[in-house]
Amino acid sequence: MFPFATFFIFATGIFRLLRVLLAFVRLFLQMTVLPGKGLAKYGAKRGTWAVVTGATDGMGREFALQLAAKGFNILVVSRTASKLTTVQEEIEQKNSGIQTRSVVINYETATDADYESLRTAAAELDVRVLVNNVGRSHDMPVSFATTPLDELSAIVNINVLGTLRTTRAVLPAMLARKERGLILTLSSFASTPTPLLATYSGSKAYLVAWNAALAAELASARIDARLINTFYVVSAMSKIRRASLLVPTPKTFVRAALRLRGSTGTRSAFTPYWAHAFVAFAMEHLELKGLWTRIALKQNTAIRARALKKQAREQKSQ
Ligand SMILES: NC(=O)c1ccc[n+]([C@@H]2O[C@H](COP(=O)([O-])OP(=O)(O)OC[C@H]3O[C@@H](n4cnc5c(N)ncnc54)[C@H](OP(=O)(O)O)[C@@H]3O)[C@@H](O)[C@H]2O)c1
């Protein structure tokens, strides 16, 4: 009996190790030699449209530019009309024959009428791709108990309700067309419990479960709902201005995301940028999520202290 038990434990250990090794090799190949899936099957270059939210800056602007370069007409959605016009002009100048439209929505305060205007604008177009990119985080790390109520509501309204209602406005017409489609939703490493960003963390975790459920519902309709997981990217939101190995520019990140390849997790979620993918792999397979939460607590406590000092200096100099 004893040797059998020993053999069983040993075999289970070897099996687990082999699975992790295989997953690592798969990830390595995906990040290096395997080609991306491409967007042709979603109707690129056939007069079809992509809708991108939060399209005037950061990753959203890049999604709009790169999807246009791949042959989609673009409907851009954001809160600032003048910035939307600038992005539209840039897209049309860089891509002859590509059309653009825009819808102004402030997701923090969006009404039924706003979502209805998005629905009617999108229903007129042959939309095949939706990028749920819009999002906001806390102004600075903050304990949940002292999170300003307007900040709390804004994060939930933009990240959760904005994503759900945008998809609810665009999806029925996509389904009615019975064509292949793609819905990309931006989540975050912060969907792993991240102290002092609790509201943001929870909002991104909500999207993980929502997207997985949506992906299962839409599989038979040939609409792929895929959640994009990312660590820091250079942007106004991250307040990081310089790119590094772990922090790509929006251009680099979106190029990776539109290959529709990336590490681990479930079929409906992926981590497209290679350095993030290896971190996600380690978190998943070496069970480092608890460590992430402990490190985030320390790091965000330090970031808050620095942000408060900076705020005090600025108030003094006014
Ligand atoms: N950057 C990162 O490190 C990082 C990490 C993990 C996840 N993410 C996620 O990636 C997505 C994009 O982030 P980003 O860093 O690229 O953002 P960003 O550079 O700050 O750009 C945000 C975009 O959303 C728009 N927007 C903001 N608030 C809005 C509102 N209330 N109504 C309508 N539009 C609004 C902005 O419009 P205006 O130009 O008018 O402000 C802008 O176009 C977000 O979902 C974010 O949570 C980012």
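Start at the ligand and select Lys-204. An N or O atom in the Lys-204 side chain lies 2.9 Å from an oxygen atom of the ligand. Keep in mind that this is a predicted model.

Next, select Tyr-107. Here the backbone takes part: one of its polar atoms is 2.9 Å from a nitrogen atom of the ligand. Then go to Met-237. A polar backbone atom of Met-237 sits 3.4 Å from an oxygen atom of the ligand.

Now show the ligand with its surface. On its own, the ligand exposes 910 Å². The protein buries 95% of that area.

Which elements give two or more residues to the shell around the ligand? Colour α2 (58–69) and α6 to see them.

Widen the selection to the whole shell. There are 31 residues around the ligand. Those that come nearest are Thr-56, Thr-80, Asn-133, Tyr-200 and Ser-235. Colour the shell by class: 13 residues are nonpolar, 13 are polar and five are charged.

Leave the ligand and turn to the aromatic rings. How many aromatic pairs does a search of the whole structure find? The search finds nine.

Select Phe-24 and Phe-278 for one of them. Their rings form a tilted pair, 5.8 Å from centre to centre, with 50 degrees between the planes. Trace the chain from one ring to the other. Phe-24 belongs to helix α1 (residues 2–32) and Phe-278 to helix α8 (residues 274–285). The two residues are 254 residues apart, so the pair links distant parts of the chain. Check how open each ring is. Phe-24 is partly exposed, with a relative accessible area of 35%. Phe-278 is also partly exposed, at 24% relative accessibility.

Move on to Phe-189 and Trp-292. This aromatic pair is tilted as well, with 5.9 Å between the centres and 55 degrees between the planes. Phe-189 lies in the loop between β5 (181–186) and α6 (198–218), while Trp-292 lies in helix α9 (residues 289–317), so the pair ties together parts that are 103 residues apart in sequence. Are these two residues buried or exposed? Both Phe-189 and Trp-292 are buried.

Go back to Phe-24 and add its partners to the selection. Ring pairs link Phe-24, Tyr-273, Trp-274, Phe-278 and Phe-281 into a cluster.

For the last stop, select Phe-270 and Arg-226. Arg-226 lies over the face of the Phe-270 ring, 4.3 Å from the ring centre.

Technical notes. Residues are numbered from 1 along each chain as its sequence is written. This is a predicted model: local features need pLDDT of at least 70, side-chain atom pairs count only at pLDDT 80 or more; totals for chains, interfaces and linings use all residues. Side-chain values use heavy atoms; hydrogens and water are left out. Rings of Phe, Tyr and Trp (its six-membered ring) pair if their centres lie within 6.5 Å; planes under 30 degrees apart count as stacked, over 60 as edge-to-face and the rest as tilted. Helices (H or I, at least four residues) and strands (E, at least two) are DSSP runs, numbered from the N terminus. Buried means under 20% relative accessible area, exposed over 50%, partly exposed in between (1.4 Å probe, protein chains only). A charge sits over a ring if NZ of Lys or CZ of Arg is within 6 Å of the ring centre and within 35 degrees of the ring normal. A residue is near a molecule or strand if one of its heavy atoms lies within 4 Å of it. A polar contact is a pair of N or O atoms within 3.5 Å; within protein, one must be able to donate a hydrogen and the other to accept it, and residues adjacent in sequence count only if both atoms are side-chain atoms. Accessible areas come from the Shrake-Rupley method with a 1.4 Å probe; for residues, only the protein chains shown count as cover. Ala, Val, Leu, Ile, Met, Phe, Trp, Tyr, Cys and Pro count as nonpolar, Asp, Glu, Lys and Arg as charged, and the others, Gly among them, as polar.
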